[in-house]
Amino acid sequence: MIIANQNVVVLCLFEPSTLISPQVEKESAPKDLKESCRKSRFSTLKEMVIHLVTSLQAGDLCIVLAFISIYQRFVTIQQVLDLLFKRYAYFCPACEEDEQVKNAICTILNTWIEKFPEDFCQTSELTILKQVKNYLVANILCSDLLVRVHALLIQLQAAVASDSEASTEEAL
């Protein structure tokens, strides 16, 4: 779970088999259950976005899924992508560490598009998809994600064009 206010983001993930319902009192939770909660505090969204990449590099996809499940409660997709793409705007050629970061970013974006396509598949979100495509073209050219984003963008552009044609016909 991610709890956020204007000053601090708290990320608390439970092992899937030990999830506590909000109604359970802290005192009634088993001690090992309380200890299974990992909390991380982030004073800025930028810190949280960086943590997404580093967590994924460490093999923890749960943090990414938790974040993209509820980020809309406190920030827009545009803000998240802006921070992600600005923080990871430049890569050194043939650098193993940068390749790991690129792989993590591809996994984050691919997971996000797969699990929450509504964040990207709105005709009003063409600018978001264009931004993702531009970033991938500039930084991660050879990726299945780029092909997927390009195909999705073409589909949405076709939908916008057919909507526009339908509106024009109705006006006549």
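In the predicted model, Trp112 is buried, with a relative accessible area of 1%, and its ring is paired with that of Phe120, a residue that likewise counts as buried because its relative accessibility is 0%. The aromatic pair formed by Trp112 and Phe120 is edge-to-face, with 5.5 Å from centre to centre and an angle of 80° between the planes. These two residues also belong to a cluster in which ring pairs link Phe67, Tyr71, Phe74, Trp112 and Phe120.

Across the whole structure, the search finds five aromatic pairs. One of them is formed by Phe85 and Tyr135, whose rings are stacked at 4.0 Å centre to centre, with 10° between the planes. This pair links distant parts of the chain, since Phe85 lies in helix α4 (residues 77–87) and Tyr135 in helix α6 (residues 126–139), 50 residues apart. Phe85 counts as buried because its relative accessibility, 8%, falls under the 20% cut-off, and Tyr135 is buried as well, with a relative accessible area of 5%.

A further element of the description comes from the UniProt record, an unreviewed entry, which places the feature "transmembrane region" at residues 48–71. In the model, the chain over residues 48–71 is 83% helix and 0% strand, and the C-alpha atoms at the two ends of this stretch are 11 Å apart. Among the residues that ring pairs link into the cluster are Phe67 and Tyr71, and the annotated range runs from residue 48 to residue 71.

Conventions. Residues numbered from 1 in each chain as written. Predicted model: local features only at pLDDT ≥ 70, side-chain atom pairs only at ≥ 80, totals over all residues. Heavy atoms only, no water. Phe/Tyr/Trp six-rings, centres within 6.5 Å; stacked < 30°, edge-to-face > 60°. Helix = DSSP H or I, 4+ residues; strand = E, 2+ residues; numbered from the N terminus. Buried < 20%, exposed > 50% of the residue type's maximum accessible area, 1.4 Å probe, protein only. UniProt positions renumbered as here; feature names shortened; annotations may be inferred.
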